[in-house]
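Let us take a friendly walk through a protein model, going from whole chains down to single residues. Keep the 3D view open as you read.

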Amino acid sequence: MSDKKKELKPNTYKFDTLSLHAGYQPHKNAGSRQVPIYQTTSYLFDDVDHAAALFNLERGGHIYSRISNPTVGVLEERVASLEGGTAALATSSGMSAIFLTVMTLCEAGDHLVVSSQLYGGTVNLFRLTLPKFGIKCTFVKPRDTEGFKKAIQKNTKGIFGELVGNPGNEIMNMPEIAKIAHDAGIPLMVDATYQTPYLCKPFDHGADIVVHSLTKWMAGHGSSMAGILVEGGKFDWMQNDKFPTMTKPYEGYHGLSFAEEFGPTAFTMKARAEGMRDFGPCLSPQNAWNVLQGIETLSVRMKKHCSNAEEMVKYLMNHESVAWVSHPSVPDHPDHELAKKLLPNGRGSMIAFGIKGGKEAGVAFINNVKLASHLANVGDTRTLVIHPASGTHSQMDEATLKFAGLSHDMIRLSVGIEDIDDIKNDFEIGFRAARKPRLVSNQ
Amino acid sequence: MKFKVNNNEVFASTGGRPFDKKKPLIVFVHGSGLTHMTWVLQTRYFAFHGYNALAVDLPGHGLSGGESLKSIEEMADWVNAVIDAVGHKEASLVGHSQGCLVTVECTARYPNKIKTLSLMGGAGAIPMNPELLSLAENNDPKAVDLMMDWAHGPAGHFGGHPVPGLYHINTGTMLAKTRTIQNTLGVDFRACDNYKNGFDAAKKVKCPTLSILATDDKMCPVKEGKKLAGLIEGSQVDIIDNCGHMMLLEEADRVLTVLKKFITTNYPPLST
């Protein structure tokens with residue numbers, strides 16, 4: 001028998017267990033092992049006092065499914081637990097999660113510093129729509145860390161970026177940019193859709209708010225739209241006077257100061273109390289349930305996505321029809337070392353590659369693959385392809401395309417979890433067509 | 001609100017309502033290393049129902065200035081000074097965990113001033129695991145992780161927070177990491193470990209007292225809570241099933257319902 005004293009270790013549940021259980025207690029739900037779908041608009045009050053208490057945020061509970069719903073609540077807690085966050089708020093889509101995040105943080109007259117490498121819809125939100133609300137943005141290339149610092153103004157309220165840029169796979173140096181943000185007394189907001197918490201936990205690297213399009217890898221099956229914002233709980237809203245709507249008495253809730261009352265969950269509480277009340281981008285309980293089914297197998301799927309992606313990178317790099325390949329696992333990728341640090345469990349399943357023959361070859365490739373689906377989504381269990389210059393980013397002019405790091409020969413590939421040989425065989429069909437585009441299109 | 005005690009700034013949440021001297025005062029005292037925010041699902045109710053709810057940050061904790069107090073006795077005197085500082089002659093006290101040691105000691109020392117006493121996860125003594133104490137005093141974040149593990153019951157480990165979207169283990173962890181661990185949790189744990197007067201203090205408590213205990217509380221088990229309650233004449237005991245030490249978050253509604261009945265009966269609110 002050993003005399004060695006047993007080291008104390010916390011026995012809180014780990015990632016795979018939380019993926020299946022967090023946020024839900026069967027004994028409070030008629031013993032139902034599966035999370036019930038609360039398909040209801042509203043909830044009975046015990047009495048008038050109970051109703052008033054719920055409206056005044058005196059006690060927890062549900063009032064109306066635009067604000068909160070028990071099924072959606074399980075999803076919110078589950079994602080918060082997986083991210084290592086204090087709280088989360090699910091929305092009807094990833095875009096509404098970004099919009100709600102910005103509108104919770106900013107007012108007319110405010111400014112944001114934003115990475116230039118973003119999903120096309122997000123670029124349009126920041127470039128064209130937010131200025132209509134009086135919120136201006138300065139775009140900075142994600143590798144230009146100093147540029148983020150220089151772009152900060154007196155009225156800057158935060159920095160926003162995608163951890164791995166869409167679609168070029170540029171990686172934002174999150175620890176350094178977080179330091180720049182925090183030195184300026186502002187939060188760093190990160191869209192970590194491509195990574196999911198299985199590949200990266202942005203709060204461990206300095207992020208303050210994380211947003212996801214849950215539609216993608218988190219749900220994973222291409223069936224349901226959903227988004228979420230998650231709060232890290234470390235950002236001190238009271239450190240300066242930049243965030244009066246967080247720190248000063250709020251007229252909309254009897255003089256409530258969200259930061260004083262809710263501290264590490266203040267941002268989420270405000271986003272729900274104000275944003276869901278006033279904008280209402282609520283997630284349906286059915287879609288929340290669908291996303292929960294996906295999250296149950298998140299780590300299993302992500303391992304397969306990543307291993308298939310690494311196989312595809314090798315295949316593409318050695319292919320005669322491919323001009324270039326961008327994926328953080330490629331040793332000469334400019335962010336290869338940073339990726340090792342930020343994405344230790346895998347570099348993700350998004351690959352960008354250039355097809356020889358330019359736009360015409362790209363179009364032929366897309367039009368001829370049979371297994372890979374040509375559509376405007378990523379993170380499905382199935383392999384997906386698109387030609388960004390004519391698809392997701394087609395609303396951009398030439399200069400904006402260039403600034404966004406896009407080229408006409410670029411194919412964006414979201415690697416699925418099919419048998420890797422079948423994906424490669426399908427790509428051979430596409431490449432053959434790309435080499436003889438006119439011949440194939442005339443057949 | 002902010003005010004001064006012993007020349008140091010004190011922060012106390014008033015539950016979202018302005019402080020009004022005409023209303024009876026309830027002072028909420030948090031547990032080791034935590035802050036006023038642990039009480040958010042209790043204070044706001046009382047603040048909106050005829051009371052001054054004052055959830056204090058102990059010195060050196062949360063948003064309060066000064067250095068952490070090194071003994072439970074000093075904390076008890078400090079709570080008394082808080083009541084004076086806000087211009088009240090009496091108060092009802094509510095404590096959680098270490099806050100129970102503080103409020104029992106305060107009630108024993110100032111029996112004419114304290115009108116009711118509510119204890120959540122309380123015991124007459126809270127001896128600390130030496131390794132946990134050492135981790136906290138050496139500023140090791142593992143101390144917080146261990147505390148959050150032990151403080152939540154098996155059900156609480158799954159989540160299921162009463163406020164939609166909040167994950168309470170991570171929230172508690174962030175609260176305990178608001179300030180430097182060794183200066184808050186480390187000092188508090190040492191104060192708990194050193195405190196030996198809990199049972200004698202309990203014998204001196206004469207005001208109406210409520211103990212809320214939880215079946216899965218590993219930090220202050222039911223039998224310890226009952227032992228303390230048994231020393232207080234006429235003490236009421238309420239036991240919550242499937243719940244751990246962080247009952248004020250894990251079973252916030254149940255705690256509020258019991259607390260509301262006890263306080264409004266024994267220390268009525270100002271009629272509104």
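Chain B of this predicted model has a secondary structure of 11 helices and 8 strands. Chain A, for its part, has 18 helices and 12 strands.

## The two chains as wholes

Here are some values for each chain, ready to look up while you turn the model.

| Chain | Residues | Radius of gyration | Buried residues | Box of C-alpha atoms along the principal axes |
|---|---|---|---|---|
| Chain B | 272 residues | 17 Å | 60% | roughly 45 × 40 × 40 Å |
| Chain A | 443 residues | 23 Å | 52% | about 75 × 60 × 55 Å |

What do the radii tell you? For 272 residues, a compact globule would have a radius of gyration near 19 Å, and the 17 Å of chain B agrees with that. For 443 residues, the compact globule would come out near 22 Å, and the 23 Å of chain A agrees as well.

You can also ask how far apart in sequence the touching residues are. Take the contacts in chain B with a separation of 6 or more: 78% of them join residues 24 or more positions apart. In chain A, the corresponding share is 73%.

## Two domains in chain A

Chain A is divided into domain 1, residues 15-294, and domain 2, residues 299-441. Taken over C-alpha atoms, the centres of these two domains of chain A are separated by 29 Å. Where they touch, domain 1 of chain A contributes 30 residues and domain 2 of chain A contributes 34 residues. On the domain 1 side, the elements of chain A that give two or more residues are helix H1 (15-21), helix H5 (120-129) and helix H8 (196-199). Sorted by class, that side of domain 1 holds 12 nonpolar, 14 polar and 4 charged residues.

## Where the chains meet

How many residues does each chain bring to the contact between chain B and chain A? Chain B brings 36 residues and chain A brings 45 residues. On the side of chain B, five names are worth finding in the view: helix H1 (40-47), helix H4 (130-137), helix H5 (142-151), helix H6 (168-176) and helix H11 (252-266) of chain B each give two or more residues. The largest share of that side, 5 residues, comes from H6(B). By class, the side of chain B that touches chain A has 20 nonpolar, 11 polar and 5 charged residues.

## A nonpolar core

In soluble globular proteins, nonpolar side chains tend to be buried together. The largest nonpolar core in this model has 225 residues, and the members that touch the most others are A:Ile351, B:Ile26 and B:Val27. From chain A, this core draws at least three residues from each of domain 1 (15-294) and domain 2 (299-441).

Let us zoom in on B:Ile26. Setting aside residues up to four places away in sequence, B:Ile26 touches several partners, among them B:Phe46, B:Tyr51, B:Leu54, B:Val94 and B:Ile263.

## A strand inside chain B

Is strand E7 (residues 209-214) of chain B enclosed or open? Strand E7 of chain B has 6 of its 6 residues buried, so it is largely enclosed by the rest of the structure. In a regular strand the side chains alternate between the two faces of the sheet. In E7(B), the residues B:Thr209, B:Ser211 and B:Leu213 point one way, while B:Leu210, B:Ile212 and B:Ala214 point the other way.

Now look at the strands paired with E7(B). Strand E6 (residues 114-120) of chain B runs parallel to E7(B) and is joined to it by 4 bridges. Strand E8 (residues 236-240) of chain B also runs parallel to E7(B), with 5 bridges between them. B:Ile212 is a handy residue to follow across: B:Ile212 is the bridge partner of B:Met120, and in E8(B) the bridge partner of B:Ile212 is B:Asp238.

## One buried valine

To finish, find B:Val144 in helix H5 of chain B. Why does B:Val144 count as buried? B:Val144 is buried because 22 other C-beta atoms lie within 10 Å, and the cut-off for buried is 20 or more. Beyond its neighbours within four places in sequence, B:Val144 is in contact with B:Thr173, B:Ala176, B:Lys177, B:Ile181 and B:Leu185. Of these partners, B:Leu185 is 41 residues away from B:Val144 along the chain, yet their C-alpha atoms are separated by 8.1 Å.

Methods: Residues are numbered from 1 along each chain as its sequence is written. Chains are lettered from A and ligands numbered from 1 in the order in which they are written. This is a predicted model: local features need pLDDT of at least 70, side-chain atom pairs count only at pLDDT 80 or more; totals for chains, interfaces and linings use all residues. Domain bounds come from an automatic or database domain assignment. Two residues are in contact if their C-beta atoms, placed from the backbone, lie within 7 Å. Ala, Val, Leu, Ile, Met, Phe, Trp, Tyr, Cys and Pro count as nonpolar, Asp, Glu, Lys and Arg as charged, and the others, Gly among them, as polar. A nonpolar core is a set of buried Ala, Val, Leu, Ile, Met, Phe, Trp, Tyr and Cys residues joined through C-beta atoms within 7 Å. A residue is buried if 20 or more other C-beta atoms lie within 10 Å of its own, exposed if 12 or fewer, and partly exposed in between; C-beta atoms are placed from the backbone. The radius of gyration is taken over C-alpha atoms; the globule rule is 2.2 Å times the number of residues to the power 0.38. Two strands pair if DSSP finds at least two bridges between them.
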